[in-house]
Amino acid sequence: MSTEPPSHMNLKLLLPTEVLLEQPVTKIIAEAENGEFCLLPRHIDFVAALVPGVLSFITGDGEERFAAIDRGILVKCGPDVSISTFRGVTGTQIDTLQDLIDERFTVMDEHERKARSALARLEANTLRGFLNLEEPHE
């Protein structure tokens, strides 16, 4: 049995429809409601509610990478760190990440608007159907 301390963590960034990112990292910096924090491989198991923002991480190759996320939950259990969020994008340069956020989140917002509109129409049609059932027929 090895007593060597872990040298990396397994970061997994989960969206509702896909695994956005899965890779070994040596450091993660994220922001919770009470401020920014840093996770290293030997950090104790940890859970945090994340606020919308940019998290950074250092890959196993020593490169700094970034991910913009919506609100989310981070869970560190042993060497595994899972972040579950509604929306997210990854990038290698912090300055180009803003363009990705604008592009992808705007498209998502448009899809959400269309879905809400379709749901409102469906609800209105259902209510009309119930009202027609209640009207007395002569």
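I take a residue as buried when its relative accessible area is under 20%, as exposed when it is over 50%, and as partly exposed in between. With that in hand I went through this model, which is a predicted one, beginning with the charged pair that made me look up the cut-offs.

**Entry 1: Arg-87 and Asp-70.** I found that Arg-87 forms a salt bridge with Asp-70, with 3.4 Å between the closest N and O atoms. This pair links distant parts of the chain, since Arg-87 sits in the loop between strand 8 and strand 9 (88–91) and Asp-70 in the loop between strand 6 and strand 7, 17 residues apart. I then checked the accessibility of the two partners and noted that Arg-87 is buried and that Asp-70 is buried as well.

**Entry 2: the other salt bridges.** I counted three salt bridges in the structure. In one of them the side chains of Lys-12 and Glu-22 meet, at 3.6 Å from N to O. Lys-12 belongs to strand 1 and Glu-22 to strand 2, so this pair ties together parts that are 10 residues apart in sequence. I looked up the accessibility of both: Lys-12 counts as partly exposed at 29%, whereas Glu-22, at 55%, counts as exposed. In another, the side chains of Arg-65 and Glu-63 meet at 3.0 Å, N to O. Here I have Arg-65 down as partly exposed, with a relative accessibility of 24%, and Glu-63 also as partly exposed, at 38%. As a general reminder to myself, side chains of opposite charge can pair when their charged atoms come close.

**Entry 3: the fold in outline.** I listed one helix and nine strands for the protein, and from the N terminus on the order of elements reads β-β-β-β-β-β-β-β-β-α. Of the 138 residues, 28% are buried.

**Entry 4: the nonpolar core.** I went next to the largest nonpolar core, which has 19 residues, and wrote down those that touch the most other members: Leu-11, Ile-28, Phe-37, Leu-50, Leu-55, Phe-57 and Ile-83. The elements that give two or more residues to this core are strand 1, strand 2 (19–32), strand 3 (35–39), strand 4 (46–50), strand 5 (53–59), strand 6 (64–69) and strand 8 (80–85). Strand 2 supplies the largest share, five residues.

**Entry 5: a nonpolar patch on the surface.** I also looked for nonpolar side chains on the outside, and I noted a patch of about 240 Å² made by Val-47, Ile-73 and Val-75. I placed Val-75 in strand 7, which covers residues 72–77, and I found Val-75 partly exposed, with a relative accessible area of 33%.

**Entry 6: cysteines.** I searched for disulfides and the structure holds zero of them. I recorded the accessibility of two cysteines while I was there: Cys-38 is partly exposed, at 34% relative accessible area, and Cys-77 counts as partly exposed too, at 47%.

**Entry 7: how far to trust it.** I closed with the confidence values, where the protein averages a pLDDT of 83 and 78% of the residues score at least 70. Confidence is highest in strand 1 (residues 9–14), at a mean of 97, and lowest in helix 1 (residues 94–134), at 68. Where pLDDT is low, the predicted coordinates should not be read in detail.

Key:
Residues numbered from 1 in each chain as written. Predicted model: local features only at pLDDT ≥ 70, side-chain atom pairs only at ≥ 80, totals over all residues. Heavy atoms only, no water. Patch = residues over 30% accessible without salt bridge, like charges linked within 9 Å, V, L, I, M, F, W, Y side chains within 5 Å. Areas by Shrake-Rupley, 256 points an atom, 1.4 Å probe, with all protein chains shown as cover. Salt bridge = Lys/Arg side-chain N within 4 Å of Asp/Glu carboxyl O. Helix = DSSP H or I, 4+ residues; strand = E, 2+ residues; numbered from the N terminus. Buried < 20%, exposed > 50% of the residue type's maximum accessible area, 1.4 Å probe, protein only. pLDDT = per-residue confidence, 0-100. Disulfide = S-S within 2.5 Å. Core = buried A, V, L, I, M, F, W, Y, C linked by side-chain atoms within 4.5 Å.
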